[in-house]
Amino acid sequence: MKYNTGTIQQELLRFVDRDHICPNCSMKPYTTMKVGGPAALLLLPVTAGELFGALEVTEKFDVPYVIMGNGSNLIFDDEGYDGIVIRIAGGLDHLRIEGNIIFAEAGTLLTTVAQAAAQAGLTGMEFACGIPGSVGGAVYMNGGAYGGEMSQIVHSVSSISRAGIMKDRPGKELDFSYRKSVFQENGETIFGVKLLLAQGDPRTIQEKIEEYTRRRTTRQPLRYPSSGSFFRRPPGHFAGALIEEAGLKGLSCGGAQISDLHAGFIINTGQATAADILDLMRIVQETVLSRTGVLLEPEVRLIAKDGTLRK
Ligand SMILES: Cc1cc2nc3c(=O)[nH]c(=O)nc-3n(C[C@H](O)[C@H](O)[C@H](O)COP(=O)(O)OP(=O)(O)OC[C@H]3O[C@@H](n4cnc5c(N)ncnc54)[C@H](O)[C@@H]3O)c2cc1C
């Protein structure tokens, strides 16, 4: 890293516990695709104070940083990332239910929130029960499935600007659209989410969850590391169908493979590198484009060493 990590670490220690600062840390175990090289510094804040402190230090030293949730839609290059990664999932996971409202810190896993809602007899987020992200990552991506998406249940979100200012905004101001939210534009860090659900019948809610889980386990290659559906759904098409029709199911580059079960998934068969995944992505994009004129764009966030987003 072109910054003095030693000095930055010293400053971080004013706010962040030593055990929550990992220099030169491989990102492989922290993403569900299980690839990627080291981040110059990985921070694992577990309190609001640690998170605010970490953001203050990045601002003070003008160091590039990436916020990550549970790493289920994120891949780093094999060369790693030349900056600070702040991982929100694994900490910052307080959850509280009051009536029809759920307050969840951004690091809370979506599956935990969906189960808590079900247990409280609250309906509206059954769709989220199998999405392996954090609630912050799900808001950022406007995650969704089976006709539901976060935009339908987000009441408001509190986020922290680069200048360290906390803002609270209602869902309707968050520019939600297909797998998009305002946070992809403004770079703020999502801190907490307020979800508005409705009273429902606990048995019906549980049955819906079981049905969605059954669909996932039979139709998705969950035995392998992946980042879920790799490409965004192009208007008027399904990425998986276009890839399958192009005869690419089962195609491999090194350890990366187009899943035989669901052509929309790129899986890591064991020894994949980020380069294998990028190579396979390019082949899929070029083949589908030349056959159909449709450019498949990655839904997965592919972070290059200098922090730029690969397309
Ligand atoms: C097996 C499998 C199935 C999946 N199924 C679905 C599905 O059905 N529907 C769906 O929509 N997605 C699905 N996904 C993709 C993924 O789970 C979602 O996109 C999820 O919302 C990402 O959350 P995350 O916490 O893992 O975010 P990450 O992957 O860690 O990050 C994703 C993006 O969000 C940003 N981000 C994360 N947290 C914050 C925060 N607190 N503040 C600001 N920015 C933040 C990151 O910078 C990054 O750009 C699936 C993935 C897998 C592996």
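Two strands are taken to pair if DSSP finds at least two bridges between them. The exercises below apply to a predicted model.

**Exercise 1. Pairing of strand 2**

Determine how many bridges join strand 1 to strand 2, and in which sense the two strands run, parallel or antiparallel. Then establish how strand 2 pairs with strand 5.

*Solution.*
1. Strand 1 covers residues 21–26 and is joined to strand 2 by five bridges, the two running antiparallel.
2. Within this pair, Ser-26 is placed opposite Pro-38 of strand 2.
3. Strand 2 also pairs with strand 5, over four bridges and in the parallel sense. Here Leu-43 faces Ile-86 of strand 5.
4. As for burial, strand 2 (residues 38–43) is mostly covered, with six of its six residues buried.

**Exercise 2. The open sheet**

State the strand order of the open sheet of three strands, and explain why one side of strand 4 and of strand 20 is left without a neighbour in the sheet.

*Solution.*
1. The order is 4-19-20, and the pairing is mixed.
2. Strand 4 and strand 20 (309–310) occupy the edges; each has a single partner strand, so one side of each lacks a neighbour in the sheet.
3. Strand 4 runs parallel to strand 19 (residues 301–303), and three bridges join them. Leu-74 has Arg-301 of strand 19 as its bridge partner.

**Exercise 3. Contact between domains**

Identify the domains of the protein chain and describe the side of domain 1 that touches domain 3.

*Solution.*
1. The chain is divided into domain 1 (5–87), domain 2 (95–204) and domain 3 (220–310).
2. The centres of domain 1 and domain 3, taken over C-alpha atoms, are separated by 27 Å. Their contact draws 19 residues from domain 1 and 19 residues from domain 3.
3. On the domain 1 side, strand 4 (74–76) and strand 5 (81–87) each contribute at least two residues.
4. By class, this side of domain 1 comprises eight nonpolar, six polar and five charged residues.

**Exercise 4. The largest nonpolar core**

Find which residues touch the most other members of the largest nonpolar core, and list the contacts of Ile-277.

*Solution.*
1. The core holds 91 residues, of which Ile-75, Val-139 and Ile-277 touch the most other members.
2. Helix 8 (residues 274–292) provides the largest share of this core, seven residues.
3. Leaving aside residues up to four places away in sequence, Ile-277 touches Met-33, Val-35, Ile-75, Ala-256, Ile-266 and Ala-272.

**Exercise 5. The shell around the ligand**

Establish how many residues surround the ligand and which element gives the most to the shell.

*Solution.*
1. The ligand is surrounded by 34 residues, the closest being Gly-69, Gly-133, Gly-136, Gly-137 and Gly-228.
2. Two or more residues come from each of strand 3 (65–68), helix 4 (135–141), strand 9 (144–145), strand 13 (189–196) and strand 15 (226–229).
3. Helix 4 gives the most, with five residues.
4. The shell divides into 16 nonpolar, 17 polar and one charged.

**Exercise 6. The setting of Ser-259**

Decide whether Ser-259 is buried or exposed, and locate Ser-259 in the chain.

*Solution.*
1. Ser-259 belongs to the loop between strand 17 (256–258) and strand 18 (265–268).
2. A residue is buried if 20 or more other C-beta atoms lie within 10 Å of its own. Ser-259 has 20 other C-beta atoms within 10 Å and is therefore buried.
3. Apart from residues up to four places away in sequence, Ser-259 touches Pro-221, Phe-265 and Ile-267.
4. The C-alpha atoms of Ser-259 and Val-66 are separated by 29 Å, the two residues being 193 residues apart along the chain.

Note on methods
Residues numbered from 1 in each chain as written. Predicted model: local features only at pLDDT ≥ 70, side-chain atom pairs only at ≥ 80, totals over all residues. Core = buried A, V, L, I, M, F, W, Y, C linked by C-beta atoms within 7 Å. Buried ≥ 20, exposed ≤ 12 C-beta atoms within 10 Å, placed from the backbone. Contact = placed C-beta atoms within 7 Å. Near = placed C-beta within 6 Å. Nonpolar A, V, L, I, M, F, W, Y, C, P; charged D, E, K, R; others polar. Domains from an automatic or database assignment.
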